Amino acid sequence: MGYDVDRFVGSINEGLLCCICRDVLEDPLQAPCEHAYCATCIHGWLVHEEICPEDRQPLTQDQLRPIFRYMRNDLNQLRLRCVNRDAGCEEQVSLENLSRHEAGCGYGKVHCPNAHCRVELERRGLESHLLVCEHRTRVCPLGCGLTVLNSEVDSHNCVAELRTELELLRSEMIGRSEDQKHEMKLRLDSQRTHMVHKISEMQQQMDELKRQVEHLQHDVRLLSALERKRGQDMERLELEKKELLEVLKALKEEHELAKANTCRITAL
Ligand SMILES: [Zn+2]
Ligand SMILES: [Zn+2]
Ligand SMILES: [Zn+2]
Ligand SMILES: [Zn+2]
Ligand SMILES: [Zn+2]
């Protein structure tokens, strides 16, 4: 929403008004069609629409840009009355300086900063309120270091107060160490569960390895038995071969002899 036109002094260029709320632009943005709107007004509009509200040209959030610098300057120069005018502030400031003025305006409402004090008053009255506020505090004049309500300084007992403070601290410490103990126990439990899981996993892997080794040993035994049998077969074959060769040699000799005899008989 923009700034109410009635707050401004003098006339305002039509181009500095929001196309949606018709007030003076606040946090202005402009569309490619050069229409300008307050940021909150156009964001609210684009939730349901995808067009410029003024000329119905297509428009999306990411097409919005800051307004031209000369417009920005014109806006900043506009003078308007303080938002606390009805409370009595007579100030007229430029739009550029408005937020700075209103943040410190004596007619603006503030809460008393003292804890537990619910008084709300104009900023210009705060100083005198603080002097009499029932909830104002001060550091103990007797030197215990505690902050004491001004109204209770007379009844304040340093020793009793310090003892209460000490009790508070002690119970807080006990609570904190219980918390730490509990947290430590939780962490240990989770680590233990993790370890148990790891160990059973390793046990399974070892069992599997053992099984594989047994399998291999069995294969090796089979292979060496086969090897032995093959050696014996070879030896036997070698022997048979030798015997055959000898038989062959004997036959050859007999044959030679027979041939010689035949030749001799033929010669005769
Ligand atoms: Zn607007
Ligand atoms: Zn437009
Ligand atoms: Zn003011
Ligand atoms: Zn107060
Ligand atoms: Zn004290």
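Two residues are in contact if their C-beta atoms, placed from the backbone, lie within 7 Å. Keep that in mind for this tour of a predicted model.

**Stop 1: Cys18.** Select Cys18 and show its surroundings. Leaving aside residues up to four places away in sequence, Cys18 touches Gly2, Asp23, Leu25, Ala36, Tyr37, Cys38 and Cys41.

**Stop 2: the core.** Which residues touch the most other members of the largest nonpolar core? They are Cys18, Leu25, Ala36, Tyr37 and Cys38, in a core of 17 residues. Now colour β2 (36-38), α1 (39-46) and α3 (95-104), the elements that give two or more residues to this core. The largest share, three residues, comes from β2.

**Stop 3: residues 18-56.** Select this span, which the unreviewed UniProt entry annotates as "domain: RING-type". Helix makes up 21% of the span and strand 15%. Draw a line between the C-alpha atoms at its two ends, and the distance is 15 Å.

**Stop 4: two domains.** Colour residues 5-104 as domain 1 and residues 106-135 as domain 2, following the division of the chain. How far apart do the C-alpha centres of domain 1 and domain 2 lie? The separation is 33 Å.

**Stop 5: residues 101-144.** In the unreviewed UniProt entry, this span is listed as "zinc finger region: TRAF-type". The chain here is 25% helix and 20% strand, with its end C-alpha atoms 42 Å apart.

**Stop 6: Val159.** Next, find Val159, which sits in helix α5. Is Val159 buried or exposed? A residue counts as exposed if 12 or fewer other C-beta atoms lie within 10 Å of its own. Val159 has 8 within that distance, so it is exposed. Select Cys144 as well: it is 15 residues from Val159 along the chain, and their C-alpha atoms are separated by 8.3 Å.

**Stop 7: helix α5.** Zoom out and select residues 158-267, which form helix α5. This helix has 110 residues and reaches 160 Å from its first C-alpha to its last. That is close to the 164 Å expected at 1.5 Å a residue. Why does α5 lie largely in the open? The number of buried residues among its 110 is zero, so there is the reason. While looking along a helix, note that an α-helix has 3.6 residues a turn, so residues three or four places apart point the same way.

**Stop 8: residues 192-261.** Finish with this span, which carries the annotation "coiled-coil region" in the unreviewed UniProt entry. The chain is 100% helix and 0% strand here. The C-alpha atoms at the two ends of residues 192-261 are 104 Å apart.

Technical notes:
Residues are numbered from 1 along each chain as its sequence is written. Chains are lettered from A and ligands numbered from 1 in the order in which they are written. This is a predicted model: local features need pLDDT of at least 70, side-chain atom pairs count only at pLDDT 80 or more; totals for chains, interfaces and linings use all residues. Helices (H or I, at least four residues) and strands (E, at least two) are DSSP runs, numbered from the N terminus. The expected span of a helix is 1.5 Å times one less than its number of residues. A residue is buried if 20 or more other C-beta atoms lie within 10 Å of its own, exposed if 12 or fewer, and partly exposed in between; C-beta atoms are placed from the backbone. A nonpolar core is a set of buried Ala, Val, Leu, Ile, Met, Phe, Trp, Tyr and Cys residues joined through C-beta atoms within 7 Å. UniProt positions are given in the numbering used here, feature names are shortened, and annotations may be inferred rather than shown by experiment. Domain bounds come from an automatic or database domain assignment.
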